[in-house]
Amino acid sequence: MGLSPRPDPNVVSWQPASQEGFITTSLDFIVNWGRANSLWPMPFGTACCAIEFMATAASKFDLARFGMERMSFSPRQSDLLICAGRVPFKLAPVLRRIWQQMPQPKWAISMGACASSGGMFDNYAVVQGIDTIIPVDVYVPGCPPRPEGLIYGIMMLQEKIKRERMADPTLRREMEPDPTSQLYIPASRIDELSEPFGNSVHQTRSAP
Amino acid sequence: MTAPSIKMAGHAAPNAPAPATPRNLPRTGGVENPSAQALADRFPGAVLRREVIWGDTNVHIVPARARELVQWLHDDPSQQYEYLVDVTAVEHRSGGPLEVVWHLRSIAFRRFLRLKATLDKTQPLVVPSVWPVYKGADWLERECYDMFGIRFEGHPDLRRILMWEQYKEGFPLRKDFPLRGRFSRSEQLTQALSANPEAHYSMGELRIADAFDDLPAEMKVRLGHGEVTGE
């Protein structure tokens with residue numbers, strides 16, 4: 001006898017027999033639950049951290065457990081940028097363009113000491129932290145971080161995503177497309193270009 | 001009828017010494033590369049001095065004649081320096097000299113030769129390019145120019161290779177260059193972000209020019225307007 005265990009608030013359970021085929025929850029919860037558990041990472045590996053990232057994605061540590069088995073090597077079909085390694089100044093405009101090319105919602109993890117702060121490369125050639133170029137959600141320390149460290153960072157990001165609220169836009173700022181930018185392509189043109197596979201421009205909260 | 005003799009690249013000559021790992025080398029002295037003596041005999045005015053350091057032979061030459069000497073080392077059948085290992089430079093501390101260094105290897109005779117040319121830092125840093133002899137010198141000399149500011153006369157496309165082309169802070173491996181660069185971090189970042197990431201490739205570099213006639217007509221028109229990629 002005794003009390004039945006409290007239901008886990010992070011788990012959606014569905015029992016057709018007892019609940020007659022429907023569930024009720026908040027829209028924030030179900031959207032964030034879906035987003036947090038199906039991130040598509042885009043690895044931006046420039047140095048030794050990328051080796052640890054590969055180990056994280058491979059069978060022993062198995063990033064697929066977190067819904068990330070689908071590595072995206074195109075920024076257009078990804079929503080998590082993992083910057084693994086030092087970024088020289090020559091790569092700074094490339095990293096920023098890749099970030100701009102990712103559809104929203106999108107998040108960034110800065111993996112390792114060099115990406116987070118420049119690390120030991122306090123010299124003329126290396127960006128002192130990628131947060132001077134793009135917004136970063138989670139910093140993973142280490143030189144390089146072990147796969148456990150990266151996985152811990154990813155789980156922290158998932159926690160962050162699960163706490164997002166539509167009513168509170170401060171947790172993640174949506175970037176409005178700038179029609180005066182050189183990179184701007186109207187949504188209709190993207191639709192035309194991306195047939196038949198579709199594109200994510202219509203899947204953001206801010207897109208019309 | 002004798003079979004035609006075919007010269008195989010990368011094969012040693014029959015009379016070349018057997019490959020051996022050098023052991024117990026003295027810091028100076030030892031067996032000199034015979035090419036150094038041959039070079040001094042052939043170009044008496046261009047060879048300043050010769051020395052053997054850790055078993056390798058250094059030949060100090062007059063900078064303006066580098067191309068001529070390297071051409072002879074490459075072409076002469078008794079030398080056959082077919083492989084340019086590296087072109088680099090060394091700047092010594094405390095106002096010391098700036099040296100351009102060429103590493104040459106003769107695969108046929110299993111010889112290694114290092115040429116050094118000392119440049120006067122009060123004068124413009126100019127040496128002849130060895131690109132007409134070794135096409136592989138292209139990027140090596142560009143890197144040397146990028147890091148030290150040494151101009152290679154006769155190089156077909158001398159511009160920066162590691163730093164971006166608009167880089168304004170100077171030449172990073174010079175001794176008077178501060179480790180963190182000359183500009184503030186924010187200025188460095190602003191300048192780096194203002195670079196166009198696609199501007200690093202010229203038409204010639206991508207070799208689109210070679211295939212230009214085979215391209216579709218509309219792509220020819222677009223490239224004619226100066227477009228670099230299809231984005």
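**Exercise 1. Find the residue that stands opposite A:Leu81 in strand 3 of chain A, and place the pair in its sheet.**

Step 1. In this predicted model, the residue across from A:Leu81 is A:Ala108, in strand 3 of chain A.

Step 2. The two strands concerned are strand 2 (residues 80–84) and strand 3 (residues 107–111) of chain A, and five bridges pair them in the parallel sense.

Step 3. Both belong to an open sheet of four strands in chain A, with the order 1-2-3-4 and parallel pairing. Strand 1 (41–45) and strand 4 (138–140) of chain A are its edge strands, each paired on one side only. On average, neighbouring strands of this sheet are turned by 20° against each other, direction ignored.

**Exercise 2. State which strands of chain A are crossed by helix 3 and which by helix 6.**

Step 1. Helix 3 (residues 49–57) of chain A lies across strand 1, strand 2 and strand 3 of chain A. Its direction is at about 150° to strand 1 of chain A.

Step 2. Helix 6 (residues 147–162) of chain A lies across strand 3 and strand 4 of chain A. Here the angle, taken to strand 4 of chain A, is about 170°.

**Exercise 3. Give the strand order of the open sheet in chain B and describe how its strands pair.**

Step 1. Five strands of chain B make up this sheet in the order 1-2-5-4-3, and the pairing is mixed. Its edges are strand 1 (47–53) and strand 3 (83–91) of chain B, each of which pairs on one side only.

Step 2. Strand 1 and strand 2 of chain B run antiparallel and are joined by six bridges. Within this pair, B:Val52 stands opposite B:Thr57. The hairpin they form has two residues between the strands, and B:Trp54 takes a positive phi near 50° in it.

Step 3. Strand 2 and strand 5 of chain B run parallel, with five bridges between them. B:His60 faces B:Lys116 of strand 5 of chain B across this pairing.

Step 4. Strand 4 (residues 98–106) and strand 5 (residues 111–119) of chain B are antiparallel over nine bridges. B:Leu104 and B:Leu113 stand opposite each other there.

**Exercise 4. Sort the side chains B:Thr57, B:Val59, B:Ile61, B:Asp56, B:Asn58 and B:His60 of strand 2 of chain B by the face they point to.**

Step 1. In a regular strand, side chains alternate between the two faces of the sheet.

Step 2. In strand 2 of chain B, one face takes B:Thr57, B:Val59 and B:Ile61, which are buried. B:Asp56, B:Asn58 and B:His60 point to the other face and are not buried.

**Exercise 5. Name the buried residues of helix 2 of chain B and explain why they line one face of the helix.**

Step 1. The buried residues are B:Ala66, B:Leu69, B:Val70 and B:Leu73.

Step 2. Viewed down the axis of helix 2 of chain B, these buried residues fall within an arc of 95°, so they line one face of the helix.

Step 3. They pack against helix 1 (34–42), strand 2, strand 4, strand 5 and strand 6 (126–128) of chain B.

**Exercise 6. State how many residues of chain A are in contact with chain B, and break down the chain A side by residue class.**

Step 1. The contact involves 13 residues of chain A and 14 residues of chain B.

Step 2. On the chain A side, six of the residues are nonpolar, three polar and four charged.

Technical notes:
Residues are numbered from 1 along each chain as its sequence is written. Chains are lettered from A and ligands numbered from 1 in the order in which they are written. This is a predicted model: local features need pLDDT of at least 70, side-chain atom pairs count only at pLDDT 80 or more; totals for chains, interfaces and linings use all residues. Two residues are in contact if their C-beta atoms, placed from the backbone, lie within 7 Å. Ala, Val, Leu, Ile, Met, Phe, Trp, Tyr, Cys and Pro count as nonpolar, Asp, Glu, Lys and Arg as charged, and the others, Gly among them, as polar. Two strands pair if DSSP finds at least two bridges between them. Axes are lines fitted to C-alpha atoms, for helices over the stretch in contact, and angles run from 0 to 180 degrees between N-to-C directions. A residue is buried if 20 or more other C-beta atoms lie within 10 Å of its own, exposed if 12 or fewer, and partly exposed in between; C-beta atoms are placed from the backbone. The arc is that of the directions from the helix axis to the C-beta atoms.
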